[in-house]
Amino acid sequence: MADLVELRSIDVVPDDERHGTAFSQFTLWLGANLQITAVVTGALAVIFGGDVVWSVLGLLLGNLLGGAVMALHSAQGPRLGLPQMIQSRAQFGVRGAVVPLLLVIVMYVGFFASGSVLAGQAVGELTHTNDSTGIVVFAVVTAVVATVGYRVIHTLGRVASVVCALAFVYLGIRLLDRADLSALLHDAHFSLPMFLLAMSLSASWQLAFGPYVADYSRYLPRTTSAKATFWWTLSGSALGSQWSMTFGVLVAATAGEEFLSSQVGYVVALGGTGLVASFLYFVIALGKLTVNVLNTYGGFMSMVTSVSGFRGQRALSRRGRAVYIALIMVAGTAVALLGKDSFLSSFKDFLLFLLTFFTPWSAINLVDYYLISRERYDIPALSDPHGRYGAWRWDALGVYAAGLLAQLPFLATGFCTGPFVAPLGGADVSWIVGLVVPALLYWLVARRNTAHIPERTTSAPIADQGAVSREG
């Protein structure tokens with residue numbers, strides 16, 4: 001067990017500890033997306049008024065576009081050997097990076113909670129208790145796996161990719177036995193707002209992985225092809241999510257209120273009873289465990305990154321690691337218990353609202369990495385607020401704020417509806433604005449001041465004196 005426990009967190013992974021192949025990204029992201037929350041996300045496209053054909057196409061386009069952005073972040077991992085959000089310090093400053101980091105932590109807690117609601121139903125059935133008990137049990141197991149770390153997370157992804165794929169094939173066959181597929185395919189009525197809603201749902205799903213996707217590719221050897229990392233990540237994530245979401249579209253179109261009243265219960269009943277039902281409850285819990293571990297682990301990394309930017313923290317004990325993970329678990333579990341009875345009505349708004357904050361960050365990060373810095377970073381300076389990146393980079397923070405504000409007139413959620421939504425027929429195109437506007441602004445601003453960019457990447461560890469989370 002001691003050999004499995006990860007010793008690193010936000011420090012650079014040295015070459016002699018690198019291992020694996022780019023294919024590991026395919027299995028991890030396939031397993032993380034073949035799960036019940038992705039099914040519900042796809043179902044929302046129909047529940048809010050879309051038809052089967054155009055919902056599936058809209059979801060596919062969103063998965064491909066959002067997945068491509070997410071996979072570009074993944075390709076940074078082998079090159080730098082760093083968690084995703086640490087390298088945001090190059091754009092926002094060592095302390096300025098805490099601004100998007102705080103929002104990322106909120107995202108992790110929210111996704112932990114939403115996943116725990118559905119997984120808790122499955123665990124409650126398996127343990128013959130209730131949803132609340134199931135949520136708590138699931139949260140504890142998630143925290144334990146996240147504490148062990150990177151190797152076990154990838155092993156879990158490989159197992160989930162096989163088990164969940166087999167289960168979804170079986171469930172798909174059962175669903176097609178019930179559904180009049182020909183009638184569903186012929187009942188196609190294009191609606192631009194509903195098509196864009198489907199795109200936004202799947203794009204937000206993919207883009208939300210962006211702040212932590214490189215965390216799971218950073219142990220790959222430095223010689224790993226960036227193209228291979230990109231394509232394996234994109235194919236695993238897009239295939240898994242589109243598979244799950246298409247299933248959700250068909251379920252929502254055929255089941256209606258029966259699915260709305262009990263998402264987990266309906267899916268399991270579709271498969272059968274007895275041992276088959278128990279297996280499907282296990283599959284649902286396994287799929288949610290895979291992605292919730294990613295959320296917990298990513299939340300832990302983001303919290304350490306935030307604190308270390310201000311405290312100059314160089315080491316983290318195993319107890320400290322457990323405390324950070326426990327904080328994510330407790331916060332996510334509390335939100336899950338409080339919101340479990342209104343899950344479906346709030347989940348769409350949560351997804352789309354999150355997208356508002358992460359598209360500008362993603363645009364700035366990718367423009368800086370690929371176009372401005374051209375993959376060249378001074379890694380030791382990422383921990384020094386007096387170094388070349390400084391404590392706060394106000395130009396990037398200003399662009400980030402502009403990216404947020406630019407989206408508001410186009411935003412259509414329960415939290416906020418902008419004035420340009422009605423002229424567009426109710427369509428939400430804020431995520432497109434949130435990618436394009438900050439990308440252009442940052443390129444215009446950053447290319448004028450490139451004095452902080454090194455001639456080549458300096459790959460010495462962030463903290464030679466005693467890297468963060470180097471437990472013995």
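These are my notes on the fold, the core and the cavities of a predicted model.

**Overall form.** I began with the secondary structure and found 18 helices and zero strands in the chain. I then looked up the extent of the C-alpha trace, which spans about 65 × 55 × 40 Å along its principal axes. The radius of gyration is 21 Å, which agrees with the value near 23 Å for a compact globule of 472 residues. I also looked at contacts between residues at least 6 apart in sequence, and 88% of them join residues at least 24 apart.

**Core.** I looked up burial next: 61% of the 472 residues are buried. The largest nonpolar core has 138 residues, and within this core Trp-29 and Phe-247 touch the most other members. Helix α14, residues 275-311, gives the largest share of this core with 16 residues. I followed Trp-29 further, leaving aside its neighbours within four places in sequence. Its contacts include Met-70, Phe-209, Tyr-212, Thr-233 and Leu-294.

**Cavities.** How many cavities of 30 Å³ or more does the structure hold? I noted four. The largest cavity has about 110 Å³ of space. It is lined by 14 residues, and Phe-111, Trp-205, Phe-209, Val-291 and Asn-295 are the closest to its centre. I checked which helices supply this lining: α6 (98-127) and α14 each give at least two residues. By type, the lining has seven nonpolar residues, six polar and one charged.

**Cross-check.** Phe-209 turned up twice in my notes, as a contact of Trp-29 and in the lining of the largest cavity. Helix α14 also came up twice, in the core and in that lining.

How values were computed:
Residues are numbered from 1 along each chain as its sequence is written. This is a predicted model: local features need pLDDT of at least 70, side-chain atom pairs count only at pLDDT 80 or more; totals for chains, interfaces and linings use all residues. Side-chain values use heavy atoms; hydrogens and water are left out. A nonpolar core is a set of buried Ala, Val, Leu, Ile, Met, Phe, Trp, Tyr and Cys residues joined through side-chain atoms within 4.5 Å. Buried means under 20% relative accessible area, exposed over 50%, partly exposed in between (1.4 Å probe, protein chains only). Helices (H or I, at least four residues) and strands (E, at least two) are DSSP runs, numbered from the N terminus. Contact means heavy atoms within 4.5 Å. On a 1 Å grid over the protein atoms alone, a cavity is a set of points where a 1.4 Å probe fits but cannot get out, and a pocket is an open set with protein on both sides within 12 Å along at least five of seven lines; lining residues have an atom within 4 Å of a point. Grid points are joined across faces, edges and corners, and a volume is the space filled by probe spheres set on the points. Ala, Val, Leu, Ile, Met, Phe, Trp, Tyr, Cys and Pro count as nonpolar, Asp, Glu, Lys and Arg as charged, and the others, Gly among them, as polar. The radius of gyration is taken over C-alpha atoms; the globule rule is 2.2 Å times the number of residues to the power 0.38.
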